[in-house]
Every structure is written in C-alpha cells, then in structure tokens.
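Thanks for coming. I will take a few minutes to walk through one structure, and you can follow along on the screen.

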Amino acid sequence: MAEAEHIMPDIEIEELGNLMKIELINCISSDIAYDSGSEFCLIPRIHPHIRTIDINSYDPIMLSIGPYNNGSSALSSMESIKWNRLDYILKLNCEKGLKDYLTIINRLEKRARMCYSGDIKMNKRKFLQTLLLDGCFVLVSLGGLNEFISAGPQRVAASPSHAEIVKEELTSGQSNLTERIDNQQINTRNQNAIENTAVEENTVLEIELCSEISGHQTEQCIYHDKTRQIGQWYDVFLIHDLLLLENQIPFFIVEGIYEVVSSNKKTPMCKSSVAIFIERTLPFYPTSVRESNRPTDFDHLLHLCHMYFRPSSNQEEHEDHTAHYYIHQFLQLGQGYLSNLGLSRDGHFPNRWRRATQYHEAGIEFRRRTYYEHNPHSLLDIKLRNGILEIPFLFVDDQTSVLFRNFVALEQTCPQVGNNVTAYIIFMAKLMSMPDDVSLLARKGVIGHHMRTDRDVSQLFTRLTKGVVFDFYGNYYLNHLCLALEAYYQNRLHRWVAWLRHNHLSNPWLVVAAVAGVIVLFCTIAQTVLTVSLMLILSKHLVANSLGDSDLFSSSV
C-alpha cells in the first residue's frame, strides 16, 4: 500500500511528458547546427573554472567586439566611436548605402552564428547591427582600408623590426637592455602601433560626400578620430581588448564590408593591411613570418596573431637531428649507465622537463638566440646544439600574461590550430620554476622583465599552466628537444665535467693552477718514463758487456 502511494499517476506522467516535449522543441529550435567538418576556429566562451584563475585576462576593459560582451555598461563609451567608423565607411563610397551593408551582413548572419559555440542572447536585428558596427570598427581602426585609399601620402611612423631592436641592443651592450625595452615598450608597442589604426585620418583628408546621400551641398569627408584625445590608456586597452578570445568576430564579416565599400574588389589587400597592424603590435616578439608569406587564411584577429608565433618549418628537423645525436652519444658510454636512467617501459627516455639550474648543473649552457633577417626565427624556435640551449629573447610583463592565456585558450578549444604555444609555455614554466632559475636566464640574456621580483615571473608562468590539458607523450613540436635535453642531463660524463667546471674551475687562478698541475704531472710522468727507459738501456748494456767479458775469459782458458 505504501509503494502504491509513491507511484506517479498516469495523468501527471502525461503532463510531465508534454512539458519535456515543449522544452525539447525549444532547445532544438534555438540550437545552432555546427559543421563538424569545418576548419573554422570557433569563438567559445571561457569556462568559469578557467576564468576564475585570472578574470582580467579574458574580459575587455574598454571595447566590446562580438556578441558575448555587447551591452555591458562598462564598455558603452566606445559605442559612439563605432558609429563614427560606420559613418566614415558610408562616406567612402557614395554608391553604397546602409542597406547594402546590412544585406551582405544578413547573408552571413547564419554562418556567423555557427562560429560562436557560446549562447548568443540577442535577436536577429541586434545581432546584425552588432556585426556591422564591430566589423566597421575593425576594418577602419586596423588599417584594413589602407590599400583601398592608398592614393594619399603615408605618414605612419614605422615601428622598428625585431632585428633592428636586437642589433641596437647588441651594439649598445647588455647594460642598456632594460632602458631600451622600457622606452620602446611604451612608445613603440603601444603608441605607434595604434597610430596605424587611425591611418586614414592621415592618408585621406579629402573624400567628397555625395549630395544625394548627405541631403545638402557636397562637402569634404574628414575622418575625425576622437580617441586620440584619450591618450596612451586607449592605446594599451585597445590592443588588450582586440586580442581576447571572447572578444572576436569572424573575419569574413570584415571582408564582406570591405567588398561592399570597395565595390567587390579582392580582399587579400584588406587582410594584408590588417596583418601589418598585428606585426606592429608585436615588435618585441621575434617571428619567422615575412612579407612573402604573410598570413591570409586566418579566421579572426587572435587567430592571426597566433600565426606569428608558429615555429619555423625547419625547427623540427634540426631538433630531430640533435636528439638522435645526443642519444647515440649517450648510449656509447656503456650499457652499465642505462640502469640508472629511469627509462620508461618501452625503453625511451621519460618525457619530462627540468629546471634551468638543473640543466646548468648538468653542463647545459643557455644562450640568447641571435635574430637574423636572412634566416628569421619565431619566439618558439628553441634549439640545442653542442650542449648549448639557444632560446629566443622573451620580454615578460602583464600584457605577456594576457596574450599567452588567450593563446592557450584558443589552442585548448580549437585543436586545429595546434598546441605549439601551450608546449612552449609549459616548457618555460618548468624551466623557470623557481626565482633562481629566472635569475640564471636573465643573466644569460634569455629573458627580461619589468615585474617586481624574479619570483613574480616564476609564479606568472606557473599560473599560466593551471587548468591546461597537455599530453607529454603526444606529438608536439618540442618532443625531440625534450628527449635531447633528458639524454644530455642523464649523461654522467657531462655532469662530472660540469661539476668540475662549476666548483673547481670557476676561478681563473684555479684554472691556471690546474693547468700547471697537469703540466707538472705530465712532466713527472715523462721524466719517470725516460728514467725507466734509460735504466733499461743501461742494464742491457751492462748485461751485454758482462756476457762479452765472460766469452773472452772462456776463450783464454
């Protein structure tokens, strides 16, 4: 009887079923059918668990791009500037009206929704307006119209290349490195890079406005950029916000706007101009990308920036050669050493990285990799050769943390872009696990930072690895380097020589005394050998003489 009371009546079951059907229909109707075979980098929502690690690395400060952060009261001050960008584009081409731009955005609307894996809480009209305004802002602010309006004189202050910066640092000496970075970091990376965003105000001062659009006499279209009155905060915050993963729009929206304003001209020029902007925002990060191979197949701005950090194509081949060389050299020392290596079950070295001080104690030297224009490398191009680990120079500040966090989020949510930056960050985090590791790399010129202490740098990279999923036995670009470093570290001969060099040969007078001792020892051994040899020769002569005398005596008898 008690069991019957807990059984739901058929009427209630039917009502519950009807409610679930309605909810299921609503979910299916509002769901976006994503193309699993698409190569597009989805623009996801950052998981709350990851966001809590460092919320400032994922939320925009001043500018909202895309639907995720649209409508925030803290970002409303930039909306008038977006409308200003739209007005400027409308005045560039008198033959195209607002309806033409909305028409092309409407055609791309469904495709754009499929690019967002998070929930978009806005209706169709609001979504179209957001895409158009944000697309116009990106197109104008990042110089996407430079080629279209290139008739005017170019007055953009060119940002120095990474090779020029490195060359000046080397000529001026290591002591000027901090001062050089301090001046260039503020004045070049933040200000001159953003001055390019308003290049149209310098290049195009006079564009006639059609009288039928304006409704009054033909006047001159002058682009007034009010953001220049804000100062350097605007420069820094704009770069910060444009390179956040959640703060993106698909770049085909920008291309669609460009096609309308340029009357269906090809879009590679637009992509090339935007790529130049990204290059000028990253002057202190070496890149192997050149004008001939500038990226044109990116999906959004963060994806484009990520492409400039890809390791060069010949890096893996070199590391593979280095790894096999050191493994072969190590195995030649004798089978007896292999029992202490801690090999995995399949007979390979365990894929692990160690601290910089541990590698240094094993005889590995650290060196800042020199940048050459004829043979450029990216920040991720680390190589090991003849016991010297060459690492490209890395400057660390608060913006470095934000950029790397969003790169990791991009790689963790879009597997098609690879995991190169994630592997690099994990490697550097392990290399700089403790403050003394940071001090060692700073002395070698590998890193520079404006953090308060070396401990802050170490903790920054440690936090970057929190919540990251990474397969140490998978196929990643530093896999061969990992094996080579572990083989070198496990080589007892290398460790003995390093111990001798660090503990007994670090003082030049000790070196002179050791050399003198070796010479004395060699001379002593040589003297001993000569003495013994002379004694043997004399003994032979004595024996021969004694035998001769005995023969004479016997013959006389």
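Which residues form a negative surface patch? They are Asp10, Glu12, Glu14 and Glu15. Before going further, note that this is a predicted model. Of that patch, Glu14 is found in helix H2, which covers residues 10-30. Glu14 is exposed, with a relative accessible area of 55%.

There is also a nonpolar surface patch of about 380 Å², made by Met8, Ile13, Leu16 and Met20. Met20 is found in helix H2, and its relative accessible area of 54% makes it exposed.

Now the overall picture. The protein chain has 557 residues, and 47% of them count as buried. There are 23 helices and seven strands. Taking the contacts with a separation of 6 or more, 77% are between residues 24 or more positions apart. The chain exposes about 29300 Å², with carbon and sulfur atoms supplying 56% of that.

Next, helix H12, residues 251-261. How many of its 11 residues are buried? The count is 10, so to speak of the helix as mostly covered is fair. Among the buried ones are Phe251, Phe252, Glu255 and Tyr258. What do the buried residues of H12 pack against? The partners are helices H4 (79-92), H5 (98-113), H6 (124-141), H13 (268-281) and H14 (301-307). After H12 comes Ser263, which has a positive phi, near 60 degrees.

On to charges. The structure holds 19 salt bridges, and I will show three.

One is between Arg45 and Glu246, where the closest N and O atoms are 3.8 Å apart. Arg45 sits in the loop between H2 and helix H3 (48-51), and Glu246 in the loop between helix H11 (232-242) and H12, so the pair ties together parts that are 201 residues apart in sequence. Is each partner buried or exposed? Arg45 is partly exposed, at 39% relative accessible area, while Glu246 is buried, at 1%.

Another joins the side chains of Arg355 and Asp436, at 2.9 Å from N to O. Here Arg355 is in the loop between helix H15 (315-331) and helix H16 (356-361), and Asp436 is in helix H19, so this pair ties together parts 81 residues apart in sequence. Arg355 counts as partly exposed at 21% relative accessibility, and Asp436 counts as partly exposed at 40%.

Staying in that area, Asp437 lies in helix H19, residues 435-443. Asp437 has 0% relative accessibility and counts as buried. Leaving aside neighbours within four places in sequence, what is Asp437 in contact with? Its contacts are Arg355, Ala356, Thr357, Leu431 and Met432. Arg355 therefore appears twice, in the salt bridge with Asp436 and in contact with Asp437.

The remaining salt bridge on my list is Lys383 with Glu390, at 3.7 Å from N to O. Lys383 is buried, with a relative accessible area of 12%, and Glu390 is buried too, at 15%. Elsewhere, salt bridges that share partners join Arg45, Arg51, Asp59 and Glu246 into one network.

Finally, Asn386. This residue is in the loop between strand S4 (383-385) and strand S5 (388-391). Asn386 is not a glycine, although it has a positive phi of about 55 degrees. At 62% relative accessibility, Asn386 counts as exposed.

That is the end of the tour.

Key
Residues are numbered from 1 along each chain as its sequence is written. This is a predicted model: local features need pLDDT of at least 70, side-chain atom pairs count only at pLDDT 80 or more; totals for chains, interfaces and linings use all residues. Side-chain values use heavy atoms; hydrogens and water are left out. Buried means under 20% relative accessible area, exposed over 50%, partly exposed in between (1.4 Å probe, protein chains only). Helices (H or I, at least four residues) and strands (E, at least two) are DSSP runs, numbered from the N terminus. Contact means heavy atoms within 4.5 Å. Patches are made of residues with over 30% relative accessible area and no salt bridge: like charges are joined within 9 Å, nonpolar side chains (Val, Leu, Ile, Met, Phe, Trp, Tyr) within 5 Å. Accessible areas come from the Shrake-Rupley method with a 1.4 Å probe; for residues, only the protein chains shown count as cover. A salt bridge is a side-chain nitrogen of Lys or Arg within 4 Å of a carboxyl oxygen of Asp or Glu. Lys and Arg count as positive and Asp and Glu as negative; His and the chain ends are not counted. The place of a charge is taken as NZ of Lys, CZ of Arg, CG of Asp or CD of Glu.
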